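Subject: Structure handover

Hi there,

Here is the structure I promised to pass on to you. Please open it alongside this email, and my notes on what turned up follow below.

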Amino acid sequence: MTLPNSLLELCRISDLPESRAKGFKLLNQSYIAVKSNGDIFVYINRCPHADTPLDWEPDDFIDGDTGLLRCATHGALFELNTGECVVGPCIGDYLTAVESRIEQDRVYIKP
Ligand code: FES
């Protein structure tokens, strides 16, 4: 199998437990990869409210009460599978989705 040169490997699927999120840095950009119902979603790690990373502590992205992605700065909550803010100061805005592709056990993105 040949992948387009424009795709970069972000992580392995096995790096991502169900309903959890992890941060990755690639080419000076920070990404969040999250698994929800077996699907993988990748976002730029920047909150649409104030353009800050979502996590203050590495990989601390999931709100313990709701299971949603949480921005540590002002508490905005985002759907795992759409990146839509459903609670907080930027309600209705979205995290920036990154095109991804799964090949075997690996997640590739188009940066
Ligand atoms: S910077 Fe994320 S909610 Fe304000």
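From the N terminus on, the elements of the protein run β-β-β-β-β-β-β-β-β. In other words, there are nine strands and zero helices. The radius of gyration is 13 Å, close to the 13 Å that the globule rule gives for 111 residues, so the protein is as compact as a globular protein of that length. Please keep in mind that this is a predicted model.

A few more overall values may help you get oriented. Along the principal axes, the C-alpha atoms fill a box of roughly 45 × 25 × 25 Å. Buried residues make up 23% of the 111 residues. Among the contacts with a separation of 6 or more, 42% are between residues 24 or more positions apart.

Two hairpins in a row

The stretch I would look at next is β2, β3 and β4. Strand β2 covers residues 21–26 and is joined to β3 by six bridges, with the two strands running antiparallel. One of the pairs to look for is Ala21, whose bridge partner in β3 is Val34. On the other side of the pairing list, β3 and β4 are also antiparallel, over six bridges. Val34 appears again here, with Phe41 as its bridge partner in β4, and Tyr31 stands opposite Ile44 in β4. As a general reminder, strands of a sheet pair through backbone hydrogen bonds, either parallel or antiparallel.

What sits in the turns? The hairpin of β2 and β3 has two residues between the strands, and Leu27 in the turn has a positive phi of about 50°. Asn28 lies in the loop between β2 and β3 as well, and its phi is near 65°, a positive value in a residue other than glycine. Asn28 is exposed, because it has 6 other C-beta atoms within 10 Å and the cut-off for exposed is 12 or fewer.

The hairpin of β3 and β4 likewise has two residues between the strands, and there Asn37 takes a positive phi near 50°. Gly38 is placed in this loop, between β3 (29–36) and β4 (39–44). With 7 C-beta neighbours inside 10 Å, Gly38 counts as exposed. If you would like a distance to check in your viewer, Gly38 and Thr52 are 14 residues apart in sequence and 28 Å apart in space, C-alpha to C-alpha.

One further positive phi belongs on your list: Gln104, near 55° and again in a residue other than glycine. Gln104 is in the loop between β8 (100–103) and β9, and with 7 C-beta neighbours inside 10 Å it counts as exposed. For context, most residues other than glycine have a negative phi.

The nonpolar core

The largest nonpolar core has 21 residues, and the members that touch the most others are Tyr31, Ile32, Ala33, Val34, Val42 and Leu69. The elements giving two or more residues to this core are β3, β4 and β9 (106–109). Of these, β3 gives the most, with four residues. In soluble globular proteins, nonpolar side chains tend to be buried together.

Which residues does Ala33 touch, leaving out those up to four places away in sequence? They are Leu10, Cys11, Leu16, Ala21, Lys22, Phe24, Ile40, Val42 and Val107.

A three-stranded sheet

Further along the chain, three strands form an open sheet in the order β5-β6-β7, with antiparallel pairing. β5 (69–70) and β7 (85–87) stand at the edges with a single partner strand each, so one side of each is left without a neighbour in the sheet. β5 is joined by two bridges to β6, which spans residues 77–78, and these strands run antiparallel. Within that pairing, Arg70 has Leu77 in β6 as its bridge partner.

That is my tour of the model; do write back with any questions.

Best wishes

Key:
Residues numbered from 1 in each chain as written. Predicted model: local features only at pLDDT ≥ 70, side-chain atom pairs only at ≥ 80, totals over all residues. Pairing = 2+ DSSP bridges. Rg over C-alpha atoms; globule rule 2.2 N^0.38 Å. Buried ≥ 20, exposed ≤ 12 C-beta atoms within 10 Å, placed from the backbone. Contact = placed C-beta atoms within 7 Å. Core = buried A, V, L, I, M, F, W, Y, C linked by C-beta atoms within 7 Å.
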